[in-house]
Amino acid sequence: MSDAAVDSKRSTREVMSYLAVGGVGFLIEAVILTALTQFAGWSPWLARVPSLVTAVLATWALNRRHTFPERGLEHRSLEAFFYIAIQSTGVALNLAIYSVCLMMLPPPFRFPVVALAAGSLGGLVSNYLLSSRLLYARSRSASRQWGHG
């Protein structure tokens with residue numbers, strides 16, 4: 001198989017894995033958001049804090065292990081820091097869309113979990129592109145070799 005074919009196959013696998021992990025992250029966030037807003041009486045704004053933090057940490061661990069298993073930084077704590085920093089751009093887009101849904105759109109979009117879904121889709125592409133091209137651009141062994149591990 002040519003290098004281009006191997007790269008294409010790896011890219012397809014990574015995108016599919018990233019989407020699956022994102023789905024898990026969405027479910028985690030949706031369950032926490034729904035539980036806090038529907039059963040604990042939290043506002044949809046305040047409930048986003050624990051739901052989002054939990055989902056980002058879970059997706060980092062899953063992406064590190066399944067989507068980019070041989071790439072990234074050797075030191076997990078440093079990689080987690082950079083992952084969270086990168087995810088912040090997607091979070092900003094996610095929260096902007098979430099806010100528009102809750103404040104300006106008709107009732108079906110005002111349900112927190114529907115607004116969450118719309119916001120999550122908005123952040124997905126930027127998060128994947130930044131993660132795959134910056135944080136997970138090199139193998140862990142190359143990262144170690146260059147002193148970035």
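**Close-up views of a predicted model**

**View A. Helix α1 and the lining of the largest pocket.** In this predicted model, α1 contributes eight residues to the lining of the largest pocket, the largest share. The space within the pocket amounts to about 420 Å³. Its lining comprises 24 residues, and G22, F26, S120, L124 and N127 lie nearest the centre. Two or more lining residues come from each of α1 (3–39), α2 (48–67), α3 (76–104) and α5 (112–135). Classified by type, the lining holds 12 nonpolar, 11 polar and one charged residues.

**View B. Helix α5 and its bend.** At G123, α5 bends by about 30°. G123 is also one of the buried residues of α5, a set that further comprises P112, A115, L116, G119, N127, Y128, S131, S132 and L135. Of these buried residues, N127 is also among those nearest the centre of the largest pocket.

**View C. The largest nonpolar core.** This core is built from 13 residues, and W60, F68, Y83, L135 and Y136 have the most contacts inside it. Helices α2, α3 and α5 each supply at least two of its residues, and α3 gives the most, with four.

**View D. Surroundings of F68.** Leaving aside residues up to four places away in sequence, F68 touches E14, Y18, N63, Y128, S132, Y136 and R140. Among these partners, Y128 and S132 are buried residues of α5, while Y136 belongs to the largest nonpolar core.

**View E. A second nonpolar core.** Separate from the largest core, a further core of nine residues includes L33, L36, A47 and L116. L116 is one of the buried residues of α5.

Methods
Residues numbered from 1 in each chain as written. Predicted model: local features only at pLDDT ≥ 70, side-chain atom pairs only at ≥ 80, totals over all residues. Heavy atoms only, no water. 1 Å grid on protein atoms, 1.4 Å probe; cavity = no way out; pocket = protein on both sides within 12 Å on 5 of 7 lines; lining within 4 Å. Points joined across faces, edges and corners; volume = space filled by probe spheres on them. Nonpolar A, V, L, I, M, F, W, Y, C, P; charged D, E, K, R; others polar. Bend = angle between axes of the 7 residues up to and from the residue. Buried < 20%, exposed > 50% of the residue type's maximum accessible area, 1.4 Å probe, protein only. Core = buried A, V, L, I, M, F, W, Y, C linked by side-chain atoms within 4.5 Å. Contact = heavy atoms within 4.5 Å.
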